[in-house]
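Please open the model in your viewer and keep the selection panel at hand. The tour goes from one selection to the next and says what is found at each stop.

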Amino acid sequence: MPYQAEYIWIDGTEPTPLLRSKTRIVADGKKPAIWGFDGSSTNQATGSNSDCVLNPVFTCPDPLRGPKDVLVLCEVLLVDMTPHPTNTRAGAVAAAKKYASFEPWFGIEQEYTLMQYGRPYGWPEDGYPAPQGPYYCGVGGDKMPGREIVEAHTLACIRAGLAIEGTNAEVMMGQWEFQIGVLGPVEVGDHLWTARWLLNRIAEEFDVDPSFAAKPVKGDWNGAGAHTNFSTKQMRVAGGMKAITAACEAIGKKVSEHIAVYGVGIEERLTGAHETAHYTKFSYGTSDRGASIRIPWATAKDGKGWLEDRRPNANMDPYQVAQVMVETVCGAASGGSKAPAKKAPAKKAAAR
Ligand code: ADP
Ligand code: MN
Ligand code: MN
Ligand code: MN
């Protein structure tokens, strides 16, 4: 019997891309092959030259359909099989290859806000819920709207084989988080984009829309981020603190390059209040949730481990964030601009 493959891709919507998907019925015993779509409907092509190519890059079981059905995350190519301008994965693939010897690892904390009827899920029709305080990791009463969606999404991610690590309720009512990791620079993006698709798809069943907006409610309410935890082999071994400090210093020299890919609306979220550092400033410190980069207490205690860049927004593109992080940190560690790392042989970007 044939099976269903859900082809998923990232579109060209500006300023923040959306996910798209469509179903293909695949013959028994066959693999999901290259496919295409109408790019003029996704801001990826003009009507007169509308064909874009879907190239499968990551396949996993579809937890919402039958046992044989699959999700197929695709990168978008032009018809000459080169990366489409909206294809940010290709850049992450190149950086991952160039700096593979550093064995970069990522863990991303994806925050999001469940929305219904234009306001956060569970909020009263008029006015506001009780102020922030009881919601973070809260339990009980009517405080925690959306838990049924979170439960369904977590189970779906596990069944799909995604590297989901945990979930928690966030500081604002209706805001939640899940973590994906640890994975390489390309894989973390593949798993995170697939997990985002599953969240969108599952929330449909509840008439709810997950928002990845950086500051979904103005005022005295926390924004939504995607804290990016990062390490290299050098940071994870004894004495790794030296490499962690060097990484923080290197990142501090590239503030605008990093902020440029940390997501739309970052100036609304990184105001210096609500557990953030101002987006134009840079600081790092142990256990400091008001710093741009936090060195977790376990890392400080062991003298090795990882760093947490707290600046990326919930709506960031993990491929772009991983690329800039690897290029900045591994680039500086291999001599910066003076002595660029050995060029990888010019092969077709095929890392899956
Ligand atoms: P918090 O909410 O306290 O900031 P979380 O538990 O939500 O922390 O997230 C911690 C993240 O750190 C996880 O995504 C995990 O994968 C990541 N992490 C742990 N060890 C490493 C490491 N060596 N390199 C990179 N990321 C790591
Ligand atoms: Mn967290
Ligand atoms: Mn959080
Ligand atoms: Mn965090």
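Begin by selecting Glu308, which in this predicted model has a relative accessibility of 0% and therefore counts as buried, since the cut-off for that word is under 20%. Keep Glu308 in view and add ligand 1, because a polar side-chain atom of this residue is placed 2.9 Å from an oxygen atom of the ligand.

Next, select the manganese ion that is ligand 4, whose protein donors are two OE entries of Glu109, the ND1 atom of His227 and an OE atom of Glu308, at 2.0 to 2.5 Å from the ion. Along the chain, these donors follow the spacing E-x117-H-x80-E. His227 belongs to strand β11 and Glu308 to strand β14 (residues 307-309), so the pair ties together parts that lie 81 residues apart in sequence. If you click on His227 itself, you will be looking at another buried residue, with a relative accessible area of 9%.

From there, add the manganese ion that is ligand 2, which is 3.9 Å from ligand 4, with Glu109 coordinating both ions.

Which residue bridges the manganese ions ligand 3 and ligand 2? Select Glu177, which takes this bridging place between two ions that are 3.8 Å apart. Ligand 3 is coordinated by OE atoms of Glu111, Glu170 and Glu177, at 2.1 to 2.2 Å, and the spacing of its donors along the chain is E-x58-E-x6-E. Within this set, Glu111 in strand β6 (residues 105-116) and Glu177 in strand β9 (residues 175-183) form a pair that links distant parts of the chain, 66 residues apart. Both Glu111 and Glu177 are buried.

Now centre the view on ligand 1, which sits in the largest pocket. The elements that give two or more residues to the shell around this ligand are β6, β9 and β11 (226-231), and the largest share, four residues, comes from β6. Of the 16 residues around ligand 1, the ones that come nearest are Glu165, Glu177, Ser231, Arg294 and Glu308.

As a last stop, look at two further contacts of ligand 1, starting with Glu177, which has a polar side-chain atom 3.0 Å from an oxygen atom of the ligand. In the side chain of Arg289, an N or O atom lies 3.5 Å from an oxygen atom of ligand 1. Taken on its own, ligand 1 has 590 Å² of accessible area, and the protein covers 76% of it.

Terms used:
Residues numbered from 1 in each chain as written. Chains lettered and ligands numbered in written order. Predicted model: local features only at pLDDT ≥ 70, side-chain atom pairs only at ≥ 80, totals over all residues. Heavy atoms only, no water. Donors = N, O, S within 2.8 Å, 3.2 Å for Na, K, Ca; no water. Buried < 20%, exposed > 50% of the residue type's maximum accessible area, 1.4 Å probe, protein only. Near = heavy atom within 4 Å. Polar contact = N/O pair within 3.5 Å; in protein donor to acceptor, adjacent residues only side chain to side chain. Areas by Shrake-Rupley, 256 points an atom, 1.4 Å probe, with all protein chains shown as cover. 1 Å grid on protein atoms, 1.4 Å probe; cavity = no way out; pocket = protein on both sides within 12 Å on 5 of 7 lines; lining within 4 Å. Sits in = over half its atoms within 2 Å of the grid points.
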